[in-house]
Amino acid sequence: MRKLTLAVIMLCNIAYGQTIYDQFNKAINNNDTVQMTTLIRQIQASNDESAERYIAEFNYYFNVSKQEVIATSQELPKNVDVSTSFTLTDSAGQPAGYLYGYTTYDKNLSDSALAVIDKGIAAHPNRLDMRFGKIFALGDYSRWDAYVDEIMNVLNYTEKHSNSWIYPDTKEPIDTIIIYGMLDYEKKLFDQCELSEESRNQDAVILGWIRNIALKTSQLYPKDVFSLNIVAVTYNALNDHANALIWLKKAEQIAPKDVVVLSNLADTYHSKGDYANEKKCLNKILKYGDADAKEYARYYLKQLP
């Protein structure tokens with residue numbers, strides 16, 4: 001099934017059938033701050049209490065809260081993409097530092113964005129796109145505690161009101177949107193892990209968040225192999241291979257031909273030194289996998305003692 005691009009949908013050009021919102025979305029796409037400001041003032045002056053009004057206000061504050069910064073330093077920060085940086089050299093042509101850009105956010109404006117979307121969610125609690133928009137913003141703002149809280153709010157609301165969600169302009173089932181949304185959010189959290197000995201305690205907190213999200217998702221969708229796989233990944237990242245195997249075996253029971261599950265099982269058995277079971281998993285990949293998966297299996301079978 002095609003993977004949805006989630007969360008950012010709310011921040012893209014969505015037509016609401018209302019001219020002023022069409023104009024506002026066009027201004028956002030064109031990064032026309034003057035036009036955005038003019039239109040948002042008109043929207044705020046109206047009596048409109050629709051979800052679209054709150055989405056527009058949220059989009060406005062989110063966009064104007066962004067601040068692009070150019071910086072230099074002797075060491076390139078870990079979170080900066082090397083491809084977007086420029087190496088500075090000294091008179092001898094040796095690296096002397098880096099020039100790079102990054103995005104930061106004005107706290108007052110970002111607080112305004114979150115306050116507006118909270119009002120919108122309170123008025124329209126079944127609008128899943130608004131919830132996802134808030135989660136997206138919290139991730140960009142690096143407010144990870146609130147990010148996780150809002151994800152859990154979505155899952156808890158789903159548990160009680162699964163049939164009432166509204167996600168405009170999509171034909172995908174709500175369950176599919178939620179499952180793939182959780183994968184996106186879990187990945188963003190996993191990207192915050194450094195997976196080093198020095199970061200072990202901090203990583204354990206983040207991996208615990210990911211595990212809780214995956215466990216709740218698997219509770220709501222018991223046949224969702226992705227969630228079971230993610231739970232196992234959080235254990236493997238902490239070298240807790242025994243618990244990882246428990247969840248990977250559950251996933252294999254649901255999807256015995258799933259190559260991702262089988263490859264994770266093989267890796268976990270390898271980490272435990274259980275080469276006999278690793279071999280069994282790799283042979284299953286040879287049986288069920290595509291050409292790339294089979295090549296992967298052959299390579300690792302040759303490495304076995």
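Helices and strands are taken here as DSSP runs, with at least four residues for a helix and at least two for a strand. Counted in this way, the secondary structure of the protein, which is a predicted model, comes to 13 helices and three strands. Of the 305 residues in the protein, 43% are buried. Among contacts with a separation of 6 or more, 59% join residues 24 or more positions apart.

Helix 2 offers a good place to begin a closer look. This helix covers residues 33-45, and its 13 residues should span 18 Å at 1.5 Å a residue; the end C-alpha atoms are 18 Å apart, which agrees. Its buried residues are Met 36, Leu 39, Ile 40 and Ile 43. Seen down the helix axis, these buried residues fall within an arc of 105°, so they line one face of helix 2. The spacing has a simple background: an α-helix has 3.6 residues a turn, so residues three or four places apart point the same way. The buried residues of helix 2 pack against two neighbours, helix 1 (19-29) and helix 3 (51-65). On the face turned away from this buried side, helix 2 carries the exposed residues Val 34 and Ala 45.

The outside of the protein can be described next. About 16300 Å² is exposed, and carbon and sulfur atoms supply 49% of that area. Ile 70, Phe 86, Leu 88 and Leu 99 together make a nonpolar surface patch of about 380 Å². Phe 86, one of these patch residues, is placed in strand 2 (residues 86-89). Its relative accessible area is 52%, and Phe 86 therefore counts as exposed, the cut-off being over 50%.

Definitions and conventions. Residues numbered from 1 in each chain as written. Predicted model: local features only at pLDDT ≥ 70, side-chain atom pairs only at ≥ 80, totals over all residues. Heavy atoms only, no water. Expected span 1.5 Å × (residues − 1). Buried < 20%, exposed > 50% of the residue type's maximum accessible area, 1.4 Å probe, protein only. Arc of directions from axis to C-beta. Contact = heavy atoms within 4.5 Å. Areas by Shrake-Rupley, 256 points an atom, 1.4 Å probe, with all protein chains shown as cover. Patch = residues over 30% accessible without salt bridge, like charges linked within 9 Å, V, L, I, M, F, W, Y side chains within 5 Å. Salt bridge = Lys/Arg side-chain N within 4 Å of Asp/Glu carboxyl O.
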